[in-house]
Amino acid sequence: MSTMAAKMIEMPPNVAAQNQARREWTAMLGMIFVLAAWAMMFAALFFSYAIVRVRSNVWPPVNAPEFSIMLPAINSFVIALSSLVLHRGVSHLRQEKFAAFRNAFMLGSVFAALFLGLQWHFWSDLMATGLTPDSGSYASIIFGLTWVHAAHVLIGFFALIYLSIQAWRQVYSLENSITVRLWTMYWHFVGIVWLLMFVTIFIM
């Protein structure tokens with residue numbers, strides 16, 4: 001009797017699929033709103049940087065210590081490569097290549113840790129040259145923007161660790177991939193922000 005009752009109240013496949021699609025769309029919309037809010041925050045930071053730079057006769061300031069942009073350049077490569085790896089990981093999940101998917105997200109976690117480690121080294125090198133966060137507007141911009149960005153990378157790093165652990169537990173599947181796709185979208189966002197930051201701060 002209980003088996004018959006369970007069959008009677010079992011949700012039809014088409015209704016279940018519609019509910020799943022609705023939940024995924026809601027989650028995707030939520031992530032889009034979050035990223036849009038953070039995009040506006042970074043846009044405000046970039047706008048403030050632009051105002052300071054336009055008002056300065058010389059940029060960087062004449063008395064500003066020189067430093068190498070090698071580490072930021074390497075980090076640009078690292079974060080771009082990590083986005084490519086995660087994109088491939090999502091493709092592997094869609095193809096139900098679960099081992100390749102798991103390995104991709106583990107490698108993405110390694111790249112995220114490498115990015116943060118190189119950033120820490122870069123900040124240490126800056127301070128070794130005498131450029132500290134309280135050295136003026138030039139230093140404040142470099143430290144402030146990279147600190148804010150690193151905080152977002154740190155969030156993504158913990159998310160990738162979590163996703164990797166869940167991948168080892170074989171939690172995700174083709175039908176249950178929305179969490180993976182949302183965090184991959186988030187990581188692409190922080191990658192794009194970093195590349196814009198690298199060009200505007202260290203190249204232009």
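I'll begin with one residue, H121: at 41% relative accessibility, H121 counts as partly exposed. This is a predicted model, so keep that in mind throughout. H121 sits in helix α4, which covers residues 98–128. From the C-alpha atom of H121 to that of K97 the separation is 36 Å, and the two residues are 24 apart along the chain.

Now a second histidine, H149, which is in helix α5. Is H149 buried or exposed? With a relative accessible area of 0%, H149 is buried. Leaving aside residues up to four places away in sequence, H149 touches F42, I79, F115, V190, V193, W194 and M197. If you have the structure open, F42 falls within the range of α2, residues 13–55, and V190 within that of α6, residues 178–203.

Next, the helix that holds H149. Helix α5 runs over residues 137–168, which is 32 residues. At 1.5 Å a residue it should span 46 Å, and the end C-alpha atoms are 46 Å apart, so the two agree. We can do the comparison for α3 as well. That helix has 25 residues and reaches 37 Å from first C-alpha to last, close to the expected 36 Å.

On to how the helices pack. Two packed helices are described by the angle between their axes and the distance between the axes. Take α4 and α5. Their axes come within 9 Å and cross at roughly 155°. An angle over 145 degrees counts as roughly antiparallel, and α4 and α5 are therefore roughly antiparallel to each other. The crossing of α4 past α5 is left-handed. What classes of residue make up the contact of α4 with α5? There are 23 nonpolar residues, six polar and one charged.

The other pair is α3 and α4. How far apart are the axes of α3 and α4? They are 8 Å apart, and the helices pack at an angle of about 165°. These two helices are therefore also roughly antiparallel to each other. Their crossing is left-handed. The contact of α3 with α4 divides into 21 nonpolar residues, seven polar and one charged.

Now the loops, where a few backbone details are worth pointing out. Start with the loop between α2 and α3, which is the place of P60. A cis peptide bond joins W59 and P60, with omega at about -5°.

Moving along, the loop between α3 and α4 holds E96. E96 is not a glycine, yet its phi is positive, about 60°. That residue comes just after α3. Is E96 buried or exposed? Neither fully: at 44% relative accessibility, E96 counts as partly exposed.

The last one is Q170, in the loop between α5 and α6. Q170 follows α5 and has a positive phi of about 60°, although it is not a glycine either. At 68% relative accessibility, Q170 counts as exposed, the cut-off being over 50%.

To go back over the main points: H149 in α5 is buried, while H121 in α4 is partly exposed. Helix α4 is roughly antiparallel to α5, and α3 is roughly antiparallel to α4. Between the helices, we have the cis bond at W59 and P60, and the positive phi values at E96 and Q170. That is the end of my part.

Technical notes: Residues numbered from 1 in each chain as written. Predicted model: local features only at pLDDT ≥ 70, side-chain atom pairs only at ≥ 80, totals over all residues. Heavy atoms only, no water. Helix = DSSP H or I, 4+ residues; strand = E, 2+ residues; numbered from the N terminus. Expected span 1.5 Å × (residues − 1). Axes fitted to C-alpha atoms, helices over the stretch in contact; angles between N-to-C directions. Parallel < 35°, antiparallel > 145°, perpendicular 65-115°, else oblique. Left-handed = near helix turned anticlockwise from the far one by under 90°. Nonpolar A, V, L, I, M, F, W, Y, C, P; charged D, E, K, R; others polar. Buried < 20%, exposed > 50% of the residue type's maximum accessible area, 1.4 Å probe, protein only. Contact = heavy atoms within 4.5 Å.
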